Amino acid sequence: MNFEAPLYVYILSSPSRQLLIGFTYNLPQRLREHREAPSNRRATQPSRLVHIEGFDDPLRAIHREAELKTWTLARRQALVQRNNPTWR
């Protein structure tokens, strides 16, 4: 793993508007993995990238992911809506 590459914290949305938060060094590959993962309920499978933040420092990215995971759904949705108003 290349720790000099940018690290991304991302939020994905499912068709049922559930949000999934994660982080990765290789965003295109990670998105492909999410989309190709087997799911017995298509409505809950996250597939749409709705928010992204880039970091050079892995610790800052990990802390940001952890912070976002503590937020309420309403607060997460407000963050996405502020930066991506057409995400619905």
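Leaving aside neighbours within four places in sequence, which residues is leucine 68 in contact with? The model is a predicted one, and leucine 68 makes a handy way into it. The residues in question are Val9, Ile21, Glu53, Arg76 and Leu79. Leucine 68 itself lies in helix α2. Its relative accessibility is 1%, so leucine 68 counts as buried. Isoleucine 11 sits 57 residues away from leucine 68 along the chain, yet the C-alpha atoms of the two are separated by 9.4 Å.

Stepping back to the whole chain, the secondary structure adds up to 3 helices and 3 strands. Following the sequence from one end to the other gives the pattern β-β-α-β-α-α. The chain has 88 residues, and 35% of them are buried. Looking just at contacts with a separation of 6 or more, 56% are between residues 24 or more positions apart. On the outside, the chain exposes about 5,700 Å², with carbon and sulfur atoms supplying 52% of that area.

Next comes the inside. The largest nonpolar core is made of 14 residues, and Val9, Ile11, Val50 and Leu68 are the ones with the most contacts within it. So leucine 68, buried at 1% relative accessibility, turns up again here, among the residues with the most contacts inside the core. At least two residues of this core come from each of β1, β2 (19-24), β3 (48-55), α2 (58-70) and α3 (73-83). Strand β1 gives the largest share, with 3 residues.

Two of the helices show how their buried residues are arranged. In α3, the buried residues are Arg76, Leu79 and Val80. Looking down the axis of α3, these residues fall within an arc of 95 degrees, so they line one face of the helix. Turned away from that buried side is a face carrying the exposed residues Ala74 and Arg82. The cover over the buried residues of α3 includes β1, β2, β3 and α2. Two of those buried residues, Arg76 and Leu79, have already come up as contacts of leucine 68.

Helix α1 spans residues 27-36, and its buried residues include Leu27, Leu31 and His34. These cover an arc of only 60 degrees around the axis, which puts them on the same side of α1. The face turned away from the buried side of α1 carries Pro28 and Glu36, both exposed. Among the elements covering the buried residues of α1 are β1, β2 and β3.

One of the buried residues of α1, Leu27, also links to a strand through isoleucine 52. That isoleucine is found in strand β3. Is isoleucine 52 buried, exposed or partly exposed? With a relative accessibility of 37%, isoleucine 52 counts as partly exposed. Leaving out neighbours within four places in sequence, isoleucine 52 is in contact with Tyr8, Val9, Tyr10 and Leu27. Tyrosine 8 is 44 residues from isoleucine 52 along the chain, while their C-alpha atoms are separated by 6.6 Å. Val9 is a shared name here, as it is in contact with isoleucine 52 and with leucine 68.

Just ahead of the strands, proline 6 lies in the segment before β1 (7-13). Proline 6 has a relative accessibility of 37% and therefore counts as partly exposed. Not counting residues up to four places away in sequence, proline 6 touches Thr24, Tyr25 and Phe55. As for Thr24, the sequence puts it 18 residues from proline 6, and the C-alpha atoms of the two are separated by 8.8 Å.

Last come the aromatic rings. How many aromatic pairs does the structure hold? The count is 0. Rings do meet charges, though. The charged end of arginine 17 sits over the ring of tryptophan 87, at 4.2 Å from the ring's centre. Arginine 75, in turn, lies over the face of tryptophan 71, 3.9 Å from the ring centre.

Definitions and conventions:
Residues numbered from 1 in each chain as written. Predicted model: local features only at pLDDT ≥ 70, side-chain atom pairs only at ≥ 80, totals over all residues. Heavy atoms only, no water. Phe/Tyr/Trp six-rings, centres within 6.5 Å; stacked < 30°, edge-to-face > 60°. Lys NZ or Arg CZ within 6 Å of the ring centre and 35° of its normal. Helix = DSSP H or I, 4+ residues; strand = E, 2+ residues; numbered from the N terminus. Buried < 20%, exposed > 50% of the residue type's maximum accessible area, 1.4 Å probe, protein only. Contact = heavy atoms within 4.5 Å. Areas by Shrake-Rupley, 256 points an atom, 1.4 Å probe, with all protein chains shown as cover. Core = buried A, V, L, I, M, F, W, Y, C linked by side-chain atoms within 4.5 Å. Arc of directions from axis to C-beta.
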